[in-house]
Structure formats: C-alpha cells, structure tokens
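Me: I have a structure open and would like to go through it step by step. Could we begin with one of its pockets?

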Amino acid sequence: MHIFNFMYCKSYKVTEKQKFPVDIVLPENYFGEHLLCTICILQLFNIVITSGSTVEIFTIFLYLYMNDLLYISMVKTNIEIKGHLAEYLNGKYFNQEEDCVCLPDSLDLYHAIWDFMIKRPKDCQVDPPGNVSLGLPDRRVGKDPATYNYLGERSVSFIEKRVETMFFAELRSELDINKQQYGINYLDTVYWFINKYKIESITADALIKDFYRWREVIRRRKVRRNYNKKA
C-alpha cells in the first residue's frame, strides 16, 4: 500500500453531497491521468466538482493501492461493555492504523454484528460514549456502514455475551494446555493472560475462582474423596 505524506496537497472546489467531506491528498508529480482518476473517484462518492467554496478537510484519509484501488478509513461506532471484556477486545483486535477494534471476518461475531447493523434513529447520538471503538463490518455487497451504523441495546448486550464467551474460552484453554502439557500452574497462566491483553478491570484471583467453578461443573467427579481432619 502506498501511504502518501502531506508533502504536496491540492485543494479542490467541491460541493459535498455526503455528511463528511473527503480529503484529496496528492503526492508530488501526481498529474495527468492520475488527476482524471481522482475526478472519477470524486464522482464515485457523489462529490461534484463545482465553483463553490474551497474545502480543505483532513479527517478521512484516502489511500491508493499499487493496483489503484481506493481505501477509506472504516466507519466506527462506540459501544459500552464490561470493563475486562473491553480491555480484552482492545488488547486482541485493536488496529493502530484504523484507531479502532477491527474484528476478522473469520469470527462469528463479525457476521453477527453485520446482521445487527441498522440505520441510526434520528434521536440517537452520532458518536455515543463507550469503552470500545468498534470498526463496523464492510462488505462489497449489502449494507453500507455509512448508513447502517447503529447497534441497539439488545445488540450490544448480545455482543457482550459473545465476547465474554470468547474471553473465557481462550483463558480456560490456555489454563488447561499450560497445566497439562507444560506443567505451568494456573496462577502464572492467569497473570500471563491479563498482562498479554492489559486487563485491569478484573483480578487474577477472580479469574482463578471462576475457572475452578467452571471445572467443578464440567468435570464433576462421580465419587468425592472424603477428607478427614487430623486430630
């Protein structure tokens, strides 16, 4: 991917038809057919070159791939979930370039979020508060995240439960593998896990106790050993 610095920028007189203006960032010696390509890009995004006032906005960056495909910063929305789950998502899937959590399309959660995306009601905030900035799924065909970018309370609740399932599934798997294959004790694995994802909203002791409770339910012994106190 070619990421161009703002060494040489040209401003165009444009009239926006969309909510957000689009930046046009051109590198040095970017003329001729490339300029024509840029005009086509403007038309593609319903922005018409007119004699209106000059617009210079640096909020949505345009990148040109080596094959001349265009990449636009993804649409985001904020959601509020449990603190340790938010830290887990940010630690595992946060994308520095996009400045948000970007879920891979191989996850069921990615497709669930796609199904939940609806048009934002008129009385809802455009940028609601939250502890996770979530990049919305964007497919070639179907819902446009620029329009379908709202997740309701029930949708966020479902997302929280899915993330919680992912969180504990990964932790319990690590605890089992490290103990059975490498002889690493549970507490060391838990500390490794919370340090890996920078989790501060839940203690290692709470996670260990949850694991013991889960193990008791899943692997309950048929016959309990009797414990006799020594006199």
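Reply: Certainly. Please keep in mind that this is a predicted model. In the second largest pocket, β5 gives the most to the lining, with three residues.

Me: Which elements each supply at least two residues of that lining?
Reply: Those elements are β5 and α4.

Me: How much space lies in this pocket, and which residues are closest to its centre?
Reply: The space in the second largest pocket is about 270 Å³. Its lining has 14 residues, and those closest to the centre are Asn78, Pro128, Tyr150, Leu151 and Val156.

Me: How do the lining residues divide into nonpolar, polar and charged?
Reply: In the lining of the second largest pocket, seven residues are nonpolar, four are polar and three are charged.

Me: Let us turn to the core. Which residues touch the most other members of the largest nonpolar core?
Reply: They are Leu103, Ile113, Leu151 and Phe167, in a core of 38 residues. Two or more residues of this core come from each of α2, α3 (108–116), β8 (132–135), α4, α5 and α6. The largest share, eight residues, is that of α4. Leu151 also appeared among the residues closest to the centre of the second largest pocket.

Me: What does Ile113 touch?
Reply: Leaving aside residues up to four places away in sequence, Ile113 touches Leu103, Leu134, Leu136, Pro137, Leu151 and Ile159.

Me: Now for the charged side chains. How many salt bridges are there?
Reply: The structure holds four salt bridges. One of them joins Lys82 to Glu164, with 3.2 Å between the closest N and O atoms. Lys82 lies in the loop between β5 (76–79) and α2 (83–93), while Glu164 belongs to helix α4 (residues 153–182), so this pair ties together parts that are 82 residues apart in sequence.

Me: Why do Lys82 and Glu164 count as partly exposed?
Reply: The reason lies in the cut-offs: partly exposed is the class between buried, under 20%, and exposed, over 50%. Lys82 has a relative accessibility of 37%, so it counts as partly exposed. Glu164, at 24%, therefore counts as partly exposed too.

Me: Which residue forms a salt bridge with Glu170?
Reply: Glu170 forms a salt bridge with Lys92, and the closest N and O atoms are 3.4 Å apart. Because Glu170 lies in helix α4 and Lys92 in helix α2, the pair ties together parts that are 78 residues apart in sequence.

Me: Is Glu170 buried or exposed?
Reply: Glu170 is buried, since its relative accessible area is 15%. Its partner Lys92 is partly exposed, with a relative accessible area of 31%.

Me: Where do Asp205 and Lys209 lie?
Reply: Both residues lie in helix α6, four residues apart, which is about one turn of the helix. Their side chains meet in a salt bridge, at 3.2 Å from N to O. Asp205 is partly exposed at 45% relative accessibility, and Lys209 is partly exposed with a relative accessible area of 44%.

Me: One last residue. Where does Glu200 lie?
Reply: Glu200 lies in the loop between α5 (186–196) and α6 (204–218). Its relative accessibility is 72%, so Glu200 counts as exposed.

Me: What separates the C-alpha atoms of Glu200 and His84?
Reply: A distance of 6.8 Å separates the two C-alpha atoms, although Glu200 and His84 are 116 residues apart along the chain.

Key. Residues are numbered from 1 along each chain as its sequence is written. This is a predicted model: local features need pLDDT of at least 70, side-chain atom pairs count only at pLDDT 80 or more; totals for chains, interfaces and linings use all residues. Side-chain values use heavy atoms; hydrogens and water are left out. Buried means under 20% relative accessible area, exposed over 50%, partly exposed in between (1.4 Å probe, protein chains only). A nonpolar core is a set of buried Ala, Val, Leu, Ile, Met, Phe, Trp, Tyr and Cys residues joined through side-chain atoms within 4.5 Å. Contact means heavy atoms within 4.5 Å. On a 1 Å grid over the protein atoms alone, a cavity is a set of points where a 1.4 Å probe fits but cannot get out, and a pocket is an open set with protein on both sides within 12 Å along at least five of seven lines; lining residues have an atom within 4 Å of a point. Grid points are joined across faces, edges and corners, and a volume is the space filled by probe spheres set on the points. Ala, Val, Leu, Ile, Met, Phe, Trp, Tyr, Cys and Pro count as nonpolar, Asp, Glu, Lys and Arg as charged, and the others, Gly among them, as polar.
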